[in-house]
Structure formats: C-alpha cells, structure tokens
Amino acid sequence: MPFHPRPRRLAQLALTVALVAFLAACGQDHPDTIFHHRTDVNRDVDYLFKILIYAGTAVFIFVEAILVWTLFKFRARPGQPEPEHVHGNTTLEIAWTVIPLLILIVIGIPTVKTIFKQQAAARSDALQVEVIGHQWWWEFRYPQFTMRSASGKLDTVVTANELYLPLGKTVNFTLKSRDVIHSFWVPALAGKRDLIANHTNYLWYTPDSTTSDAFNGACVEYCGTSHANMRFKAFTVSQADFDSWVAHQEAPAEGAVAVGTPISPDSAAKAAAPRSPLGSQIDPNKNLAAGSTQAGPTVPSSGKAGVGVPPSPGAVNTQVTQAGFVAFPREKMPAYTVPSTPLPAALKFDDNVLASGNAANGAKLVATGMCIACHTVRGVPTMQATVGPNLTHVGSRTTIAAGLYPNDPRHLARWVKNANEMKAGVGMNTFGIGEYDPITKSTVKIGFTDAQIADIVAYLSSLK
Ligand code: HEC
Ligand SMILES: [Cu+2]
C-alpha cells in the first residue's frame with residue numbers, strides 16, 4: 001500500500017504532543033527551579049533569560065514566517081519556466097549581518113554588565129560563610145561568629161549539611177574543597193560554583209523574599225561514589241531567628257558539658273570572657289590546603305548577653321535555649337526538602353533496644369571510642385577532630401548524612417551501626433559488631449552492640 005501522508009492528521013498529532021508536553025511541564029511543582037525570584041542574583045539571571053527567550057522567539061517566528069511564505073509563494077507550478085538564477089544581493093547581505101549584530105548588542109550589554117556585577121566582591125557588610133566540600137558532605141563555617149570554648153580555645157560556629165541564611169542580608173560564600181572538585185548549588189537561590197582545592201572561589205547573593213523557607217542544595221560536580229548523595233538544606237530565616245540560631249550554635253551542646261570533664265573555675269572564667277573580635281583573624285582552616293584565603297574584611301561578632309556564659313561545673317548547660325529559634329521547624333519543611341531515601345532492608349535494628357538507650361552511657365562511649373578520631377563535640381575535650389561533620393549540635397539538625405536521611409533515632413542507629421550500608425563509600429567506619437565493613441573487607445569484631453549503639457543514639461539525639 002502506498003504511503004499517503006495526511007498533513008491534517010500529522011498536524012493534529014504534533015499539536016497534541018506539544019500540548020501534552022507543555023501541560024506536563026506546567027502541572028508539576030518545580031521547587032528546585034532557578035525561576036524562583038528569591039535572590040538578587042536569580043532575578044538578574046531571569047532578566048537575561050527573558051531577553052534571550054523573547055529575542056529568540058521573535059527571530060524564530062520571523063525566520064519561519066519567511067520560510068513558509070517562500071515555500072508557498074515560490075512553489076513549482078505546472079508549465080512554469082525555469083526561474084531566474086541570481087548571485088549575491090548586497091542589500092540582503094548587509095541586512096542579515098546588521099540585524100544579528102543589533103540583536104547581539106541587545107543581548108550582550110546586559111549580559112556583560114551582569115557578569116561584572118556578580119564577579120565583583122560582595123558588599124563589605126555581608127555575612128561570611130565558608131563552604132568546604134568533603135567527599136561526600138558539606139561543612140559550613142561562620143567565621144564572624146566565634147566563641148571561647150571551655151578549654152580556652154577560640155572556636156567558630158561550624159555546622160554540616162544545613163545552611164542558615166538571614167533574609168535580606170547579602171551572604172558571601174567562600175568556597176573551598178578538602179579533596180576533589182565539588183560544586184555548590186541551591187537552584188532556587190542562585191547560580192552554582194565549583195569548590196576547588198588550592199583555589200578559593202566566591203559567590204554572593206541576597207535571599208530577599210520575605211518568608212522563611214527551606215531549599216534543596218546539592219553537589220553538582222561529579223566527585224565520586226556518593227556524589228548523588230552529597231546534598232544539603234538551605235534555610236532562609238528572619239534576621240532575629242538567624243541571630244537566635246547563631247546564639248544556640250555558639251553555646252556548647254546541651255548535655256555535652258555534663259558528660260565532658262568538669263570545667264575548672266579557671267577555664268570557666270575564660271569561657272565567660274566576651275567573644276573576642278580576634279576570633280575572626282584566626283584561620284579556622286589551618287588544616288586546609290595552603291593558599292586558601294578568607295573572603296572579605298573581618299567583622300567582630302556582636303556580643304550577645306547570655307552567650308558564652310559557662311554553665312556551673314558539671315551541670316547540664318541550661319542557658320542554651322535562651323533564644324527561641326534553634327532550628328528550622330521540621331513540620332514547616334516543604335515535602336520536597338524532606339529526605340525519603342529508603343532504609344537498607346538488610347540493616348536491622350530492634351526498635352525496643354533503640355528505645356532503651358541511655359544518653360549518659362552513650363556520651364562515655366562516644367568520648368572514649370573511635371568517634372574521637374574524626375568528630376568534634378565542642379565542650380568534650382577528647383573530641384576535636386575535623387575529619388567528619390561537627391557533631392556539637394547534631395541533634396538539632398533535621399537531616400543526617402548530607403541530606404540523605406531524616407535525623408531520627410531509627411536512622412541514626414543504622415548509621416552508627418553500618419554507615420557504609422547507608423551511604424556508599426562513606427568515610428566512616430562500620431561499628432556494629434557482626435556487620436560487614438567494606439573498607440577492612442571483614443566482619444566487625446571490635447565495635448558496639450546494638451544496646452551500646454542505642455546509648456550512643458540517645459546521646460547524639462540529646463546534642464541539641
Ligand atoms: C574515620 C572517621 C570517622 C569515625 C571514626 C567516625 N565517623 Fe562519623 N562521620 C564521618 C564522616 C566522614 C561522616 C560524613 C559522612 C557523609 O555524610 O558522607 C560522618 C558522619 C557522622 C554522622 C552524621 C552527621 C551529619 O550531620 O550528617 C554521625 C551522627 C556520626 N558520624 C557519628 C559518629 C559516631 C557516633 C562515631 C563513633 C562511634 C563516628 N561517627 C565515628 C567520619 C567518621
Ligand atoms: Cu559531587
């Protein structure tokens with residue numbers, strides 16, 4: 001049977017396909033698109049994008065119209081003589097050179113202007129945040145906020161995988177890497193930028209919507225096995241909530257002091273000293289690759305009453321929650337920011353054992369166990385390592401493992417039992433006795449029983 005294309009049927013089909021594609025794109029919620037106007041940078045980018053789209057659409061319609069018009073006007077007719085042959089047309093050639101040139105100028109000027117604006121240094125009063133990429137998690141440091149720890153050491157507010165930003169304030173990110181190249185991106189807030197060892201990159205923007213919100217962030221440069229699991233959350237909150245969050249971060253963890261060595265009156269006095277402006281001159285990244293620098297001027301942190309006052313020796317720290325806001329409320333997190341990674345089926349943990357965890361015992365296990373090789377809990381003298389995330393306030397984070405799992409006892413327990421099973425290639429040992437450790441390629445013999453892990457989880461959860 002000969003094929004008779006039916007233009008009308010084909011056109012109908014094409015229209016239906018186009019319409020379905022269009023509606024499918026409209027019907028969904030796209031929380032991670034860059035077309036949310038929530039920062040100055042995103043709005044600038046959107047403006048450029050619109051110029052391109054409008055100019056491109058105009059050119060497309062113009063060219064296609066001429067093409068279709070030509071097809072009809074000059075189509076072959078029966079008995080038609082051969083058309084005249086022409087070579088060159090100066091007017092046309094000048095026109096099709098000048099018109100694109102004008103279009104490029106229209107696109108080029110605002111583009112170059114925006115590039116210069118965004119590449120310039122951030123305003124000097126910007127909030128400084130250092131972002132340090134690790135395989136496969138994020139370290140966020142706030143060098144403007146320092147405090148003296150019980151041991152007299154100056155510390156900076158450090159957290160992992162959860163970024164807090166005040167609304168209406170420009171934030172200047174200093175981007176560094178501990179290992180390979182990563183790339184930092186919160187699509188709904190602004191453009192992405194690479195984190196490179198031995199080279200510091202900068203990125204700044206101003207979250208300027210008026211309501212606080214939670215956003216997804218991710219690593220967008222392939223960095224190894226768990227690259228896809230290297231996520232984070234960004235929370236934009238009011239300045240007051242941000243101040244309160246910082247105050248909470250500056251205080252030692254609730255419970256941490258009670259389980260650490262008692263504070264001597266001498267170190268307590270040191271701890272009571274107001275936060276020193278000197279703090280911001282101390283390089284918090286001396287372990288990082290040489291040559292890394294700190295962005296922007298050093299700004300002394302504003303002293304806040306109550307913060308830095310040590311608890312009485314041996315007592316559980318109570319001044320911590322003087323401020324109301326310590327973390328973004330979980331119930332206010334939009335569904336798309338709540339992790340839904342399934343638990344590995346093979347990794348079992350009895351809920352009853354978990355419920356019987358004893359935090360004080362867990363504190364001892366953590367402060368004397370292998371955790372000290374990699375983690376910091378401010379206020380616990382043995383725990384000052386920076387290989388893994390800072391655990392000082394881990395209990396108040398909404399997620400663990402770089403945004404992969406919700407932070408609750410069930411996930412924490414399995415994490416401590418067998419982190420490798422929870423997240424491929426992870427740089428943390430397997431601790432559950434009897435679990436297979438892919439790093440040592442053997443079954444764990446020296447580790448923790450489930451009851452001990454339940455204690456550890458009770459402790460970790462208490463580190464609010
Ligand atoms: C060899 C170093 C190492 C040791 C030892 C270690 N960890 Fe970790 N830990 C890590 C690294 C690295 C991560 C980040 C993993 C990731 O998300 O990719 C991590 C993550 C964590 C997290 C999740 C934190 C967050 O905010 O995502 C918890 C909780 C944790 N470790 C607890 C412990 C406990 C408890 C111990 C001791 C029983 C311990 N770790 C021992 C390296 C270590
Ligand atoms: Cu990556």
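Modeller: Before we start, a residue is called buried when its relative accessible area is under 20%, exposed when over 50%, and partly exposed in between. Please keep in mind that this is a predicted model.

Colleague: Is D450, which meets K417 in a salt bridge, buried, exposed or partly exposed?

Modeller: The side chains of K417 and D450 meet with 3.2 Å from N to O, and the pair links distant parts of the chain, with K417 in helix α9 and D450 in helix α11, 33 residues apart. K417 has a relative accessible area of 7% and is therefore buried. For D450 the relative accessible area is 25%, which lies between the two cut-offs, so D450 is partly exposed.

Colleague: Which strands stand at the edges of the open sheet of five strands?

Modeller: The pairing in this sheet is mixed, and its strands follow the order β3-β2-β1-β5-β8. An edge strand has a single partner, so one of its sides is left without a neighbour in the sheet, and this holds for β3 (154-160) and β8 (201-205).

Colleague: By how many degrees are neighbouring strands of this sheet turned against each other on average?

Modeller: The strands to consider are those that follow one another in the order β3-β2-β1-β5-β8. When direction is ignored, the average turn between neighbours in this sheet is 30 degrees.

Colleague: Which residue in β3 does Y142 stand opposite?

Modeller: Strands β2 and β3 pair in the antiparallel sense, over seven bridges. β3 is also mostly covered, since seven of its seven residues are buried. Within β3, the residue that stands opposite Y142 is V157.

Colleague: At the other edge, which residue in β8 stands opposite N172?

Modeller: Strand β5, which covers residues 171-177, runs antiparallel to β8, and five bridges join the two. The residue of β8 that N172 stands opposite is W204.

Colleague: Which residue meets E130 in a salt bridge?

Modeller: Side chains of opposite charge can pair when their charged atoms come close. The N to O value for the salt bridge of E130 is 3.9 Å, which falls within the 4 Å cut-off. E130 is buried at a relative accessible area of 1%, and its partner, at 3%, is buried as well. The pair brings together strands β1 and β5, from positions 46 residues apart, and the partner is K176.

Colleague: How many salt bridges does a search of the whole structure find?

Modeller: Among them is the one in which R141 and E139 meet at 2.7 Å, N to O, and both of these residues are buried. The search of the whole structure gives a total of nine.

Colleague: Is F74, one of the residues in the nonpolar surface patch, buried or exposed?

Modeller: The patch has an area of about 610 Å² and is made by V59, F62, V63, I66, W69 and F74. F74 itself lies in the loop between α2 (40-73) and α3 (90-119). Its relative accessibility is 55%, and because this is over 50%, F74 counts as exposed.

Colleague: What is the relative accessibility of A402, which has a positive phi although it is not a glycine?

Modeller: A402 lies in the loop between β11 and β12, and its phi is about 60 degrees. A401 is found in that loop too, has a phi near 60 degrees, and is buried with a relative accessible area of 11%. A402 also counts as buried, and its relative accessibility is 0%.

Notes
Residues numbered from 1 in each chain as written. Chains lettered and ligands numbered in written order. Predicted model: local features only at pLDDT ≥ 70, side-chain atom pairs only at ≥ 80, totals over all residues. Heavy atoms only, no water. Patch = residues over 30% accessible without salt bridge, like charges linked within 9 Å, V, L, I, M, F, W, Y side chains within 5 Å. Areas by Shrake-Rupley, 256 points an atom, 1.4 Å probe, with all protein chains shown as cover. Helix = DSSP H or I, 4+ residues; strand = E, 2+ residues; numbered from the N terminus. Buried < 20%, exposed > 50% of the residue type's maximum accessible area, 1.4 Å probe, protein only. Pairing = 2+ DSSP bridges. Axes fitted to C-alpha atoms, helices over the stretch in contact; angles between N-to-C directions.
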